[in-house]
Structures are given as C-alpha cells and as structure tokens.
Amino acid sequence: LAARIDEVAQGGAADVNGTLQDLADGLCERFVAPQRNPPRGAQRGGCMPRFGEFLRASGAIDDAQPDEALLAQRVHGGRIGTNLVELGYLVLDELARHLADYHRAPLPPAEWLEQPDPKALKLVPASLVRRFHLLPLRLEPARVHVAMVDPGDAEQRRFLAEATHREVVSYVLPEVRLLYWLEMHCGTDRHPRYVYLAARVRQTGPEEATADAAAPEARREGE
C-alpha cells in the first residue's frame, strides 16, 4: 500500500483511478474485513447475532426469535437483549443472568448500584460515561470497578484505564438498567423508549429475582 501511495503522489501511476481503487481495496482488506469477525465481546457488528446464537443454544429462546430481535434492532436500535425483552421473549432478570454467563462477567452488587462511590463517579471523565455508557461503582488505589453493557470491549477498557490510571474491573448490566442508573447518578437522559420499557417491565415482569440482578427502577418507575 505504501508503494502504491508513493506512486500516485509522484505522478507515476498510469491509471490513477485504478490505483485509487486498489488502495481502497487494500485498506478495506486491512481495516474493515477484520471487523466482520470481531472477537467475542466486541460491541460492533458480529457480536449481536452471536449473543442471539448463545441464547438459542442455551435454550433461552427458540430458533426464530434471534432473527426477529435482529430485525427489530435494525429498525429501533438498542442491544439485542433489549429487543428480546421488548418483544416479550426474556425478562430483565433472565437477560442479566445470560449476559453474565456470555461475557463471563459478574453482575454488580445491588448496593453498589444504589450508592456508587462518589470518588469513582468523579474520577471517570463524563465524556467517557456518555460515550460508552459506563457507570463507575467503586474506587480502589489500583483498581476502578465499572458497570458496562459490554465488559469485553477492549477499546472501552483501554480508554478507561488510561483515563483513571487504574486496572478496570468490569461488571455487566442489561442496557435498560444501566441507562436507568446513569440517569440517576450521572444525569444522562434516557430515550423515552427505555423509560417506557422499564415501566412496562415493572408492571409485567418478575423483577428482582436475585439480589445481584436487582434494580430499584422496578420500584421507582411507578412512583
């Protein structure tokens, strides 16, 4: 690629359009193609259907439901788990447990969600909180504990480690719950879709089956 770029820059390419196309193809092969098969836990692209396949293999959903959820995701956005909950195929507690199994990451303790460490909230830049939807939970001299929708995302963990100068200990939360807590503790606004979904879950879903998966929006949304 470097040789072809030099050729264009020096005017030595007889077919400039063809050379530019070669460069575009090379860049695509180098940078875009690897993203079609990202590592497990990556936020973009292939991770979503793989989580659906994980749920299908575990018997949590049937063969048709992942495709239906992916179609809803293309229309409405959001995580694949959020769409499965919205479609009525999972409840939030089930989704939380499946996410923990899939990412091999723990769910955050309920008391940490209720009262996160103010020092942790202050340390993590608000720009990272908004960009990646991160909820700082606890701060230690060498570690920072953070709730995330995708604890396997290497880019998020790298940015967070560089910003805090600490090792990142990550926990997983369903998107609906994490957005609720971010609004409560960090002042980020939720889209009405997530407000409505949290309220609907409060009315129809078997909430707070386990202490770790519990979230007080089940109590507060209807107040």
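Start by selecting P136 and V146: P136 stands opposite V146, which sits in β2. Keep in mind as you look around that this is a predicted model.

**The sheet**

Now widen the selection to the strands around that pair. β2 covers residues 143-148, and four bridges join this strand to β1, with the two running antiparallel. Add β3 and you have an open sheet of three strands, ordered β1-β2-β3, with mixed pairing. The edges are β1 (135-139) and β3 (167-172), each of which pairs on one side only. Turn the view until you can look across the strands: on average, neighbours in this sheet are turned by 25° against each other, direction ignored.

Next, select residues 175-186. This is helix α11, which packs on the sheet and touches β1 and β2. Compare directions while you're there: that of α11 makes about 70° with that of β1.

**Salt bridges**

How many salt bridges does a search of the whole structure find? The count is seven, and three of the stops below show examples.

Stop one: show the side chains of E140 and R143. They form a salt bridge, with the closest N and O atoms 3.0 Å apart. E140 counts as partly exposed because its relative accessibility is 31%, and R143 is partly exposed too, at 30%.

Stop two: select helix α10 (residues 154-164) and pick out E162 and R158, which lie four residues apart, about one turn of the helix. Their side chains meet in a salt bridge, 3.6 Å from N to O. E162 is partly exposed, with a relative accessible area of 46%; R158 is also partly exposed, at 42%.

Stop three: show R190 and E183. Their salt bridge has its closest N and O atoms 3.0 Å apart. Is R190 buried or exposed? With a relative accessible area of 12%, R190 is buried, whereas E183 is partly exposed at 28%.

**Where to tread carefully**

Finally, colour the model by pLDDT. The protein's mean is 79, and 69% of its residues reach 70 or more. Select residues 23-49 and you'll find pLDDT under 50 throughout, although the model has 40 contacts for this stretch beyond four places in sequence. Then jump to residues 205-223, where pLDDT is again below 50 and the model has 51 contacts beyond near neighbours in sequence. Where pLDDT is low, don't read the predicted coordinates in detail.

How values were computed:
Residues numbered from 1 in each chain as written. Predicted model: local features only at pLDDT ≥ 70, side-chain atom pairs only at ≥ 80, totals over all residues. Heavy atoms only, no water. pLDDT = per-residue confidence, 0-100. Contact = heavy atoms within 4.5 Å. Pairing = 2+ DSSP bridges. Axes fitted to C-alpha atoms, helices over the stretch in contact; angles between N-to-C directions. Salt bridge = Lys/Arg side-chain N within 4 Å of Asp/Glu carboxyl O. Buried < 20%, exposed > 50% of the residue type's maximum accessible area, 1.4 Å probe, protein only.
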